[in-house]
Amino acid sequence: MNSPAQVIKSFSSWLPMLLVALLLYGVVFVGFTVWLLMQPLGMAPALAQQLGLIIGAVLLTGGFYLYVQWLLGSLAAYELSLNGQQLRVRGISGRGSIDNALPLGELKKVHIGTRTHTMEKPSSGQRGANSKGAARMMFVLDDGHYFKLDYAANAFDNQSLYDFLSHLKRKGVDINISE
């Protein structure tokens with residue numbers, strides 16, 4: 001597993017999108033807080049603006065801190081393991097989490113660095129969306145079904161991930177890396 005500092009560093013390509021998002025959410029939080037203080041509570045506009053700025057900044061900072069803690073906790077719970085002929089995959093997939101245990105014989109291929117999907121295309125000019133695709137692992141089963149593990153390259157250190165994929169390749173699973 002990557003350390004928390006390595007995980008945060010692995011998201012460095014998201015920095016431009018993060019700064020824009022923080023600015024936009026900051027404006028929304030401050031604006032909503034000022035409106036709430038002025039309209040329903042009847043506070044004077046000057047005082048509402050001062051308090052709204054402080055409260056909005058605290059909400060934004062607290063929300064960002066909680067999100068980073070959630071992300072680090074989620075990535076710390078990732079697992080890729082092979083116990084005999086049983087593969088275990090645990091982590092984040094899309095908006096939910098996965099916890100799959102399957103026989104290795106049912107696994108057809110594992111690819112890392114899959115392309116971005118249609119909904120990510122509008123933001124593909126941003127390096128963050130491209131790095132999300134580059135960090136994703138796709139597991140394809142013999143019956144054609146598949147599942148993905150998002151942020152795999154962020155959660156695991158490169159060498160151990162490479163070693164794991166090389167081991168799967170030696171077991172006969174199609175892997176998109178060269179040894």
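Me: A patch is built from residues with over 30% relative accessible area and no salt bridge, joining like charges within 9 Å and nonpolar side chains (Val, Leu, Ile, Met, Phe, Trp, Tyr) within 5 Å. With that in hand, what makes Leu59 fit into a patch with Leu47, Leu51 and Ile55?

Reply: This is a predicted model, where local features need pLDDT of at least 70 and side-chain atom pairs count only at pLDDT 80 or more, while totals for chains, interfaces and linings use all residues. Residues are numbered from 1 along each chain as its sequence is written, and side-chain values use heavy atoms, leaving out hydrogens and water. Now the leucine: Leu59 has a relative accessible area of 44%, and the bar is over 30%, so Leu59 passes on that count. Together, Leu47, Leu51, Ile55 and Leu59 offer about 300 Å² of accessible area as a nonpolar surface patch; areas come from the Shrake-Rupley method with a 1.4 Å probe, and for residues only the protein chains shown count as cover.

Me: And how do you know where Leu59 sits?

Reply: Leu59 falls in helix α3, residues 45-76. Helices (H or I, at least four residues) and strands (E, at least two) are DSSP runs, numbered from the N terminus. By that count the protein has 6 helices and 7 strands, in the order α-α-α-β-β-β-β-α-β-β-α-α-β.

Me: Why is Arg136 called buried or exposed?

Reply: Buried is under 20% relative accessible area, exposed is over 50%, and partly exposed is in between (1.4 Å probe, protein chains only). Arg136 comes in at 2%, so it's buried. This arginine lies in the loop between α4 (127-135) and β5 (137-141). Across the protein, buried residues are 34% of the 179.

Me: What makes the Arg136 and Asp150 pair a polar contact?

Reply: The term asks for N or O atoms within 3.5 Å; within protein, one must be able to donate a hydrogen and the other to accept it, and residues adjacent in sequence count only if both atoms are side-chain atoms. The side chains of Arg136 and Asp150 are joined at 2.9 Å, so the distance fits the cut-off.

Me: Why do Glu79 and Arg88 count as a salt bridge?

Reply: The rule wants a side-chain nitrogen of Lys or Arg within 4 Å of a carboxyl oxygen of Asp or Glu. Glu79 and Arg88 come to 3.9 Å, N to O, so they make the cut. Arg90 pairs with Glu79 as well, at 3.0 Å; that pair links distant parts of the chain, with Arg90 in strand β2 (residues 86-93) and Glu79 in strand β1 (residues 79-83). Asp99 and Arg88 meet at 2.9 Å, and Asp99 belongs to strand β3 (residues 96-103). Glu79, Arg88, Arg90 and Asp99 thus form a salt-bridge network, and the full count is 4 salt bridges.

Me: Which exposure class does Asp99 fall into?

Reply: Asp99 is at 45%, so partly exposed. Glu79 lands in that class at 22%, as do Arg88 at 28% and Arg90 at 31%.

Me: How do you know which stretch to read with care?

Reply: pLDDT is the predictor's confidence in each residue, from 0 to 100. The protein averages 85, with 88% of residues scoring at least 70. Residues 118-130, though, are below 50, and beyond near neighbours in sequence that stretch has 17 contacts in the model (heavy atoms within 4.5 Å). Where pLDDT is low, the predicted coordinates shouldn't be read in detail.
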